Amino acid sequence: MTVKRVRLTADVRRAQLVDEATALIARIGYHRFSIKALAEATGLTRAGVLHHVGSKEQLLLDVLALRDERDNAVILDNAAGLSPREILDSIVRRNLGQPEIVRLYTVLAAEALDPAHPAHAYFADRLRTGTTMMAELLGDDRELAVEIYSFMDGIQLNWLREPTIDMWREWTRFSERIFT
């Protein structure tokens with residue numbers, strides 16, 4: 001199905017492409033994702049898409065950066081005066097409301113285990129940065145930060161695999177053991 005072309009400003013078009021790429025990659029993974037499919041979904045030619053995004057690899061990095069920017073803005077805007085548990089609760093609640101983004105990150109994190117993957121360095125850095133930030137939040141307890149980070153990644157993976165898992169209940173049970 002071809003979508004009718006609509007003239008947009010460069011910034012609006014780029015944002016549209018990143019949003020549509022996010023949805024496509026979340027659904028089918030980066031390796032199966034193609035610029036051609038993105039072009040068809042947005043009513044552009046392949047050359048038109050590449051004009052706005054540069055390359056498939058750059059688009060992937062833009063997808064990840066935009067997701068981080070959006071999540072960090074929401075989390076940081078709401079974190080003032082909250083306890084570490086309340087901040088982590090808000091992250092879990094946010095992820096419950098965006099399963100397609102959780103799926104995107106889970107699929108890409110697995111694919112990026114390959115050092116040749118364009119997001120390999122991104123995910124390695126994200127793990128280091130995330131555990132460092134969490135450790136600081138927890139009073140410099142790096143071991144606890146790794147444990148929490150690992151639980152959150154694992155429960156999200158299992159929730160995606162088996163949607164009957166009540167991720168909030170499981171997080172609550174886990175966090176009660178950690179924070180009491």
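This is a short tour of the model, from the whole chain down to one enclosed space.

**Start with everything shown.** You're looking at a predicted model, so keep that in mind as you click around. Switch to cartoon and colour by secondary structure: you should find 9 helices and 0 strands. Walking along the sequence, the pattern reads α-α-α-α-α-α-α-α-α. Now show just the C-alpha trace; along its principal axes it spans about 55 × 35 × 30 Å.

**Next, turn on the surface.** The accessible surface of the chain is about 10,400 Å², and carbon and sulfur atoms account for 55% of that area. Of the chain's 180 residues, 38% are buried. If you draw contacts between residues at least 6 apart in sequence, 62% of them link residues at least 24 apart.

**Now go inside.** How many cavities of 30 Å³ or more does the structure hold? There is 1, and the volume of the largest cavity is about 40 Å³.

**Select the lining.** Pick Val92, Asn95, Met152, Ile155, Gln156, Met167 and Trp171, and show them as sticks: these residues line the largest cavity. Then colour α5 (84-96), α8 (142-161) and α9 (167-179), the elements that each give two or more residues to this lining. Which element provides the largest share? That's α8, with 3 residues.

**Last stop: colour the lining by residue type.** The split is 5 nonpolar and 2 polar, with no charged residues. Keep the sticks on and rotate around the largest cavity to see Trp171 and Asn95, both among the residues lining it.

Key
Residues numbered from 1 in each chain as written. Predicted model: local features only at pLDDT ≥ 70, side-chain atom pairs only at ≥ 80, totals over all residues. Heavy atoms only, no water. 1 Å grid on protein atoms, 1.4 Å probe; cavity = no way out; pocket = protein on both sides within 12 Å on 5 of 7 lines; lining within 4 Å. Points joined across faces, edges and corners; volume = space filled by probe spheres on them. Helix = DSSP H or I, 4+ residues; strand = E, 2+ residues; numbered from the N terminus. Nonpolar A, V, L, I, M, F, W, Y, C, P; charged D, E, K, R; others polar. Buried < 20%, exposed > 50% of the residue type's maximum accessible area, 1.4 Å probe, protein only. Contact = heavy atoms within 4.5 Å. Areas by Shrake-Rupley, 256 points an atom, 1.4 Å probe, with all protein chains shown as cover.
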